[in-house]
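Here are my notes on this entry, set out as numbered points. Please read them with the sequence and the coordinates side by side.

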There are 2 protein chains.
Amino acid sequence: MYTIGEVSEMFNLPIPTLRYYDKEGLLNDLKRDKSRIRKFNEKTLEALRVIECLKKSGMQIKDIKQFMHWCAIGDKTLIKRKEMFENQKISIENQIKDLQKILDMVKYKCWYYEKAVKDGTEKNIKNITLEEMPKDIRKLYNNAHNI
Amino acid sequence: MYTIGEVSEMFNLPIPTLRYYDKEGLLNDLKRDKSRIRKFNEKTLEALRVIECLKKSGMQIKDIKQFMHWCAIGDKTLIKRKEMFENQKISIENQIKDLQKILDMVKYKCWYYEKAVKDGTEKNIKNITLEEMPKDIRKLYNNAHNI
DNA sequence: GCTTGACCTAAAGTTAGGTTTAGATATTAC
DNA sequence: GTAATATCTAAACCTAACTTTAGGTCAAGC
């Protein structure tokens with residue numbers, strides 16, 4: 001059993017954030033002692049790990065709440081929970097793909113500015129054609145420009 | 001030369017968003033005609049492409065504004081702009097790495113719920129040990145659990 | 001000359017996800 | 001017993017990035 005202060009340290013989350021999650025209904029398993037003080041147990045910590053994961057995957061608090069609620073209901077909601085994770089998987093895969101395109105654009109810009117800094121001016125590189133680029137850079141450029 | 005309505009369609013951005021970007025100083029090259037109507041040219045469109053890219057990479061409007069301002073100043077700011085893109089490159093690479101860890105966690109959960117749905121209950125799988133997991137799933141689990 | 005449609009502005013409103021404040025209670029240390 | 005420390009609550013506040021509203025201008029078509 002842990003106090004809110006201990007959990008705050010463990011997860012590196014501010015105390016008000018933990019209270020906020022509780023208020024929003026994300027911590028179903030959270031119990032209180034006789035003087036209304038929150039007592040976090042292993043189940044609550046596991047819930048927090050899942051919350052952190054789902055948050056980082058871009059899910060909104062209200063949808064995480066929905067999921068936590070399904071968990072509380074029990075086996076009747078297994079299919080919904082499975083589907084949720086399958087959708088989240090697709091969503092993350094798409095986010096990674098998108099970021100890889102953005103990364104190509106940014107890598108192209110890194111090359112561009114390296115050249116510009118070397119030249120001391122942007123003039124020469126500004127109107128470069130595809131043919132004048134090194135092959136690997138051309139690839140970055142093409143990837144990036146059909147975003 | 002394009003009107004704000006045309007650009008809105010081309011970029012699939014609401015008109016008020018384009019006005020907002022202009023107001024925030026992201027569109028230095030934007031000119032007006034005699035009756036104060038915005039006229040977008042190729043340079044503005046290229047700026048919008050860069051803005052979209054930087055936004056998707058997680059950069060804030062105020063930092064994009066800073067970058068656009070550097071662009072307007074000219075060759076004196078080349079090193080700053082190069083450094084900005086180099087930092088953004090690292091940031092995106094880290095975002096991708098983080099998402100890949102999250103993805104492993106979510107893939108593990110997909111496997112977990114597939115099994116649970118097959119069983120019709122979460123009971124059996126709930127307390128599964130590392131040894132009882134298939135090797136590839138154990139790998140996902142381990143990757144995910146040192147987030 | 002009047003209506004329609006696309007543009008304009010400033011200012012207020014919105015949303016998510018917290019964070020801060022103010023005041024109350026309870027346990028521990030001296 | 002009293003001071004310090006950690007907890008509690010409700011409610012106000014905050015920030016980013018828009019979005020909506022209300023009212024005004026302007027050129028084209030009838």
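1. A polar contact, as the term is used in this note, is a pair of N or O atoms within 3.5 Å. By that criterion, an N or O atom in the side chain of Thr3(A) makes such a contact, at 3.2 Å from a phosphate oxygen of DNA strand D. It should be kept in mind throughout that the model is a predicted one.

2. Two further contacts involve phosphate oxygens of DNA strand D: a polar backbone atom of Gly5(A) lies 3.1 Å from one, and a polar side-chain atom of Thr17(B) is placed 2.6 Å from one. Both Gly5(A) and Thr17(B) belong to the closest of the 17 residues that surround DNA strand D, a group that also includes Arg19(A), Arg32(A) and Arg38(A). Of the atoms of this strand that come within 4 Å of the protein, 81% belong to sugar and phosphate.

3. The surface near DNA strand D draws on both protein chains, with at least two residues supplied by each of H1(A), H2(A) and H2(B); the largest share, four residues, is that of H2(B). By residue class, this surface has eight nonpolar, four polar and five charged members.

4. Helix H1 of chain A, which spans residues 4-11, has Ile4(A), Val7(A), Ser8(A) and Phe11(A) buried. Viewed down the helix axis, the buried residues of H1(A) fall within an arc of 105°, and therefore they line one face of the helix. Their cover includes helix H2 (15-23), strand E2 (38-39) and helix H3 (42-56), which are elements of chain A.

5. The backbone just after H1(A) deserves a look, since Asn12(A) takes a positive phi of about 55° there, although Asn12(A) is not a glycine. This residue sits in the loop between H1 and H2 of chain A, and it counts as exposed because its relative accessibility is 70%, where the cut-off for exposed is over 50%.

6. In chain B, Asn12(B) likewise has a positive phi, near 55°, and is placed in the loop between helix H1 (4-11) and helix H2 (15-23) of that chain. With a relative accessible area of 68%, Asn12(B) is exposed.

7. Turning to the interior, the largest nonpolar core holds 87 residues, among which Leu27(A), Leu48(A), Leu48(B) and Phe67(B) touch the most other members. Leaving aside residues up to four places away in sequence, Phe67(B) touches Tyr113(A) from the other chain, and Val50(B), Leu54(B), Arg81(B), Met84(B) and Phe85(B) from its own.

Key. Residues numbered from 1 in each chain as written. Chains lettered and ligands numbered in written order. Predicted model: local features only at pLDDT ≥ 70, side-chain atom pairs only at ≥ 80, totals over all residues. Heavy atoms only, no water. Buried < 20%, exposed > 50% of the residue type's maximum accessible area, 1.4 Å probe, protein only. Arc of directions from axis to C-beta. Contact = heavy atoms within 4.5 Å. Core = buried A, V, L, I, M, F, W, Y, C linked by side-chain atoms within 4.5 Å. Near = heavy atom within 4 Å. Polar contact = N/O pair within 3.5 Å; in protein donor to acceptor, adjacent residues only side chain to side chain. Nonpolar A, V, L, I, M, F, W, Y, C, P; charged D, E, K, R; others polar.
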